[in-house]
Amino acid sequence: MADKEEEDTRPMKDWILVQNSELRLEVQNDNSVDIQLLFGVAEIFGTEMAKNMRYTISNQAKIAIFTDISCTIRILGSPDIAYVSTDTPMHIYRNTHFALEHLRRTAQQNDTFGPKVMVCGPTDVGKSTLCRLLSNYAVRSGHQPILVDIDVGQSDISIPGSIGVLPIERPAGIEENEFLKPGSLVYHYGHNNPASNLKFYDTLVSKTFEMYQERCKENPTNKYSGCIINTCGWIDGSGYKCLLHCAKVYEVDAVLVLDHERLCIDFQRDLPKTTSIIRLPKSGGTVVRGREFRKNHRNNVVREYFYGKKGSLSLFPFSFEVPFSEVSVYKIGAPEVPESCLPIGATAEDGNTQLVPVEINKDLVNRIVSLSMATSLEENVVSCSSAGFLCITAVNTDAETITVLSPAPSPLPRKFLLLSDIEFVDFK
Ligand SMILES: Nc1ncnc2c1ncn2[C@@H]1O[C@H](COP(=O)(O)OP(=O)(O)O)[C@@H](O)[C@H]1O
Ligand SMILES: [Mg+2]
């Protein structure tokens with residue numbers, strides 16, 4: 001929130017919102033607007049706006065400013081889309097939160113686990129938004145839920161190709177458009193779709209549950225607050241099986257299904273009767289983003305990981321050379337071999353979670369690698385959390401060095417690099 005008191009010559013418009021309505025705004029690439037709450041009470045996906053504070057909305061944001069009382073919002077600049085809607089499912093989402101609150105209080109009284117909730121539905125129905133909303137409401141009510149993001153395509157916790165676990169201690173920022181990340185645990189998956197390695201994907205989801213339980217043991221507030229699981233939009237065939245696996249591993253108390261009747265019916269058939277399957281309407285404001293947008297968005301998320309938010313110049317990554325001898329590169333998943341060639345007792349699926357050494361050569365240029373926290377191969381490198389991510393920007397086979405883009409300065413704190421499919425071209 002920069003000091004924006006100086007003369008602003010951009011167009012200005014005040015929007016008066018009646019009770020239970022929302023102002024939906026979209027800003028395209030390279031555009032930005034400032035928003036300000038002049039009167040009343042308003043929130044953006046569960047984060048309250050402070051009165052008179054100017055917030056800059058940029059980075060292709062698509063947001064809704066909701067009021068449950070009434071408010072006046074000033075907009076400076078020209079949003080690409082701006083309209084008010086009174087047709088919003090926010091009261092239904094809020095009631096869902098109140099039901100979860102009740103379960104949290106009961107958990108606290110009885111020293112049991114708070115509600116474990118999984119949010120599902122096709123792409124672009126508002127799953128991430130609902131997870132954010134419920135997390136924000138929970139912290140605003142004094143809880144600290146754990147957000148688990150198993151959407152490897154559009155993770156809200158780390159870069160694409162990863163699965164994350166994040167204890168939420170504060171509401172998400174409005175300008176930053178995300179939660180603060182300290183305390184997060186991130187796991188390398190390496191692909192932006194569960195289909196690329198289903199067995200490994202399921203293994204990591206199970207791992208996040210172990211870590212969730214650990215965290216609950218350490219911190220009763222997390223235990224009573226429960227968890228909110230954000231999932232991929234792949235809901236058919238093997239995608240559905242991944243969702244089932246997650247629901248079963250976590251023994252979720254509720255599955256919130258956005259906008260998909262068949263998915264509700266499938267869950268009702270396949271999950272225990274004790275699991276509540278709740279169908280929720282999608283918001284009319286949810287924006288369908290398309291494949292190309294999602295691809296660009298993934299790239300932007302990686303750029304922001306290294307450089308910070310566009311225009312904010314908040315991060316200064318480092319570029320340095322690392323000798324081949326100081327790192328070992330692996331990928332996870334061996335090429336498939338016929339069953340007849342496997343050792344006795346092994347199945348073809350076992351290979352999917354196998355650590356496979358990768359030769360360092362020019363093919364690794366522009367690839368994202370994660371730096372495993374493991375310090376030796378005796379540790380389970382495959383399901384060890386990540387210390388961070390690097391981008392390999394050059395490979396010099398003569399000098400036997402790689403050049404990496406890194407959020408932290410040299411030297412690397414660990415030596416095992418896990419190769420991902422995710423590419424990033426560092427244009428600066
Ligand atoms: N009520 C709303 N008004 C305006 N934009 C919204 C609203 N709800 C969601 N969006 C936007 O719609 C897009 C898709 O929502 P998202 O939660 O990311 O969907 P999903 O996770 O299901 O793919 C996001 O850019 C989000 O900011
Ligand atoms: Mg999402």
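**Sheets, helices and buried residues**

Within strand β7, Ile65 is the residue that serves as bridge partner to Ile44. This pairing, like everything described here, is read from a predicted model, and it offers a convenient place from which to begin. The two strands concerned are β4, which covers residues 43–44, and β7, which covers residues 62–67, and they are joined in the antiparallel sense over 2 bridges. In general, the strands of a sheet pair through backbone hydrogen bonds, and they may do so in either a parallel or an antiparallel manner.

The pair belongs to a wider arrangement, an open sheet of 5 strands that follow one another in the order β5-β4-β7-β2-β9, with antiparallel pairing. At the edges of this sheet stand β5 (47–48) and β9 (81–85), and because each of them has a single partner strand, one side of each is left without a neighbour in the sheet.

Strand β2, which is made of residues 21–26, holds Leu23, a residue whose surroundings can be followed in some detail. Which residues does Leu23 touch, once those up to four places away in sequence are set aside? They are Trp15, Leu17, Ile63, Ala64, Ile65, Ile73, Ile75, Tyr83 and Val84, and this list includes Ile65, the residue already met as the bridge partner of Ile44. One of these contacts, Ala64, lies 41 residues from Leu23 along the chain, yet the C-alpha atoms of the two are separated by 5.4 Å. Leu23 has a relative accessible area of 0%, and it is therefore counted as buried, a term that applies under 20%.

Strand β3, formed by residues 33–40, has pairings of its own. It is joined by 4 bridges to strand β6 (residues 54–57), the two running antiparallel, and it also pairs with strand β8 (residues 71–76), again in the antiparallel sense, over 6 bridges. Ile35 takes part in both pairings, for it stands opposite Tyr55 in β6, while in β8 its bridge partner is Ile75. Ile75 is also among the residues that Leu23 touches. Since 6 of the 8 residues of β3 are buried, this strand is largely enclosed by the rest of the structure.

Further along the chain there is another open sheet, built from 7 strands in the order β13-β12-β11-β14-β10-β15-β16, and here the pairing is mixed. Its edge strands are β13 (185–188) and β16 (276–280), each of which pairs on one side only, and from one strand to the next the twist averages 15°. Within this sheet, strand β11 (residues 146–149) and strand β14 (residues 227–230) run parallel and are joined by 4 bridges, with Leu147 standing opposite Ile228 in β14.

Helices lie against this sheet. Helix α5 lies across β10 (116–120), β11 and β14, and its direction runs at about 170° to that of β10, whereas α6 packs on the sheet by touching β10, β15 (254–258) and β16, its direction making about 175° with that of β16.

The two helices also meet each other. Helix α5 (residues 237–250) and helix α6 (residues 261–270) pack at an angle of about 50°, with their axes 12 Å apart, and they are therefore described as oblique to each other. The contact is made by Tyr240, Leu243, Leu244 and Lys248 on the side of α5, and by Leu263, Asp266, Phe267, Arg269 and Asp270 on the side of α6. The crossing of the two helices is right-handed.

Another helix, α1, spans residues 90–110 and contains Thr96. This residue is buried, with a relative accessible area of 10%, and, apart from its neighbours within four places in sequence, Thr96 is in contact with Leu256 and Leu280.

The cysteines remain to be considered. How many disulfides does the structure hold? It holds 0, and the distances show why for two of the cysteines, given that a disulfide requires a pair of cysteine sulfur atoms within 2.5 Å. The sulfur of Cys246 has its closest cysteine sulfur in Cys120, at 7.8 Å, which is too far for a bond. For Cys264 the closest cysteine sulfur is likewise in Cys120, and the separation of 9.3 Å is again too far for a bond. Cys246 counts as buried at 0% relative accessibility, and Cys264 counts as buried at 5%.

Key:
Residues numbered from 1 in each chain as written. Chains lettered and ligands numbered in written order. Predicted model: local features only at pLDDT ≥ 70, side-chain atom pairs only at ≥ 80, totals over all residues. Heavy atoms only, no water. Buried < 20%, exposed > 50% of the residue type's maximum accessible area, 1.4 Å probe, protein only. Pairing = 2+ DSSP bridges. Axes fitted to C-alpha atoms, helices over the stretch in contact; angles between N-to-C directions. Parallel < 35°, antiparallel > 145°, perpendicular 65-115°, else oblique. Left-handed = near helix turned anticlockwise from the far one by under 90°. Contact = heavy atoms within 4.5 Å.
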